[in-house]
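Visitor: I would like to learn how to read a structural model step by step, going from single residues to the whole chain. Could you guide me through one?

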Amino acid sequence: MKALVATGYMPLDQIAIAEVPTPAPGPGQVLIKVEAAALNPLDLALITGAVKDMYPADHPLVVGMDAAGTVAGVGEGVSGYAQGDPVLAFTGQAGAVAEYTVASPGPLLARRPEGLDSLHAAGIPESGLTAVCLLRAVRLAAGESVLVVGATGGIGLYAVQLAHALGSRVIATATADDEEYLRGLGAGGTVDYKTADVVEETLRLVPGGVDVVVDLVNSGERLTDTARAARPGGRLVSPLFGPGDLGRGVSPVYIGPFQAEPGDLADLAARAADGRLRVEIGARFGFENAVQAVVDFAGRHIRGKVVITTS
C-alpha cells in the first residue's frame, strides 16, 4: 500500500510517499481503509526527532495518528465492528496517512455517525480528545471563567467550544481576524495577542483573574507568566510541562499523553454530526500532495486542522 513515510529522523521536506506492507489486524484490532487523515504538531516532532527522548519513533515511520474511513477487516476477538462500518480513530503515534491502518476497539475508536463525513471526522481524535482531557483534568465547571491561550489551533478550537458547552465564560486569544469566528464558537471575549499583553488584557476583562487558564502554547517558566491571568487559588492546565509552583496558590495541572475514557470519542463525533461541535478544516490536500501538507502545516498559521484525503 502507499503511505507517507519517514525512513529516519529527517527534515520535513525529505519524507515521501512510499510502498509499505499493508498491515494486518491482529487480535483485538480492526483494519481501516483510510479515507482521510489529519496532522498534529506531534507528527512534525516525531518526523524530525525533536521528541525522540520522550517519544522514540520506530522506522520506517508512517506519519499521522488521526484517521477516518471504513472497517476493512477485523482481528480475532473483535466484536461490535464489521466490514464496511464507518469509523474514526486515534491510531497512536503512527499509521494514519496511508491507504490502510489498524486501530483497537475502545476509547480511541468510534463509529462515525450519519451526518459526519470522513474529512471532518479525521480532524477530531487527537485534538478533540486532548481538549476533553484538559478540561476534565482541571475540573472546569459551569459558571467558571477560563482563558484559552492558543484558541485557534486544533486543540484550542475544541477547548473553546467544549468549555462554552459546559457553561463557562470563555476568554480566547486571537488576532483581530479571528475574533468574530471565535465568538461564534462561544468565546465571550477575545484578546489580540499581537497587539495587547494577554495577561493584562485578561485581567481587565475579568478583574481578579479567571478561574482556569488553558495554555496550549507556552511551556516551562513561561507558564509562570501566563498563570498571572488566573485568580489566586485558580488553576492552570497545559499539555506541556512547567514549574510545580506557579505562585499565588495557582495549581498547575500538566497532562502528557491523554487518557481518554470510554465514550469520549463517540461523544465528540455525535456532537460534530449534529452541529453542536464545529470541526474547522483549515487546509485540505490530496494524497499526492501529502508532503506539501506537512511542510505547509509547519510553516504557516492555519486555523483548525490540516487534512489529507487518501482515497
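Guide: Let us begin with one residue, keeping in mind that this is a predicted model. Val160 lies in helix 4, which covers residues 154-165.

Visitor: Is Val160 buried or exposed?

Guide: The general idea is to compare the relative accessible area with a cut-off, since buried means under 20%. Val160 has a relative accessible area of 0%, and it therefore counts as buried.

Visitor: Which residues is Val160 in contact with, leaving aside its neighbours within four places in sequence?

Guide: Contact here means heavy atoms within 4.5 Å. By that criterion, Val160 is in contact with Val148, Ala151, Val170, Ala172, Leu182, Leu185, Gly186 and Ala187, once neighbours within four places in sequence are set aside. As a distance to set beside this list, Val160 and Thr195 are 35 residues apart in sequence and 21 Å apart in space, taken from C-alpha to C-alpha.

Visitor: Val170 is on that list; where is Val170 placed?

Guide: Val170 belongs to strand 10, which runs over residues 169-174, and with a relative accessible area of 0% it is buried. Beyond residues up to four places away in sequence, Val170 touches Val146, Val148, Val160, Ala163, His164, Gly186, Ala187, Gly188 and Gly189. Leu88, by contrast, is 82 residues from Val170 in sequence and 28 Å from it in space, C-alpha to C-alpha.

Visitor: How should I read a helix as a whole, and how many residues of helix 3 are buried?

Guide: An α-helix has 3.6 residues a turn, so residues three or four places apart point the same way. Helix 3 spans residues 125-137, has 13 residues, and reaches 18 Å from its first C-alpha to its last, close to the 18 Å expected at 1.5 Å a residue. Because 11 of those 13 residues are buried, helix 3 is largely enclosed by the rest of the structure; among the buried ones are Pro125, Glu126, Cys133 and Leu135. Just after helix 3, Arg139 takes a positive phi of about 55°.

Visitor: What lies in the loop between helix 3 and strand 9?

Guide: Glu144 lies in that loop, ahead of strand 9 at 145-149. Its relative accessible area is 15%, which is why Glu144 still counts as buried. Leaving out residues up to four places away in sequence, Glu144 touches Arg139, Ser168, Arg169, Asp211, Val212 and Arg235.

Visitor: Which residues is Thr202 in contact with, again leaving aside its neighbours within four places in sequence?

Guide: Thr202, which is found in helix 6 (residues 198-205), is in contact with Leu147, Val191, Val210 and Ala229 when those neighbours are left aside. At 0% relative accessibility, Thr202 counts as buried.

Visitor: What do the totals say about the chain, starting with its helices and strands?

Guide: The chain has 9 helices and 16 strands, and 54% of its 311 residues count as buried. A compact globule with 311 residues would have a radius of gyration near 19 Å, and the chain has 19 Å, which agrees. Its C-alpha atoms fill a box of roughly 55 × 40 × 35 Å along the principal axes. Among contacts with a separation of 6 or more, 64% join residues 24 or more positions apart.

Visitor: And how should I read its surface and charges?

Guide: The chain exposes about 12,800 Å², of which carbon and sulfur atoms supply 51%. It carries 23 positive and 34 negative charges, and the mean positions of the two sets are 4 Å apart.

How values were computed
Residues numbered from 1 in each chain as written. Predicted model: local features only at pLDDT ≥ 70, side-chain atom pairs only at ≥ 80, totals over all residues. Heavy atoms only, no water. Helix = DSSP H or I, 4+ residues; strand = E, 2+ residues; numbered from the N terminus. Rg over C-alpha atoms; globule rule 2.2 N^0.38 Å. Buried < 20%, exposed > 50% of the residue type's maximum accessible area, 1.4 Å probe, protein only. Areas by Shrake-Rupley, 256 points an atom, 1.4 Å probe, with all protein chains shown as cover. Lys, Arg positive; Asp, Glu negative; His and termini not counted. Charge placed at Lys NZ, Arg CZ, Asp CG, Glu CD. Expected span 1.5 Å × (residues − 1).
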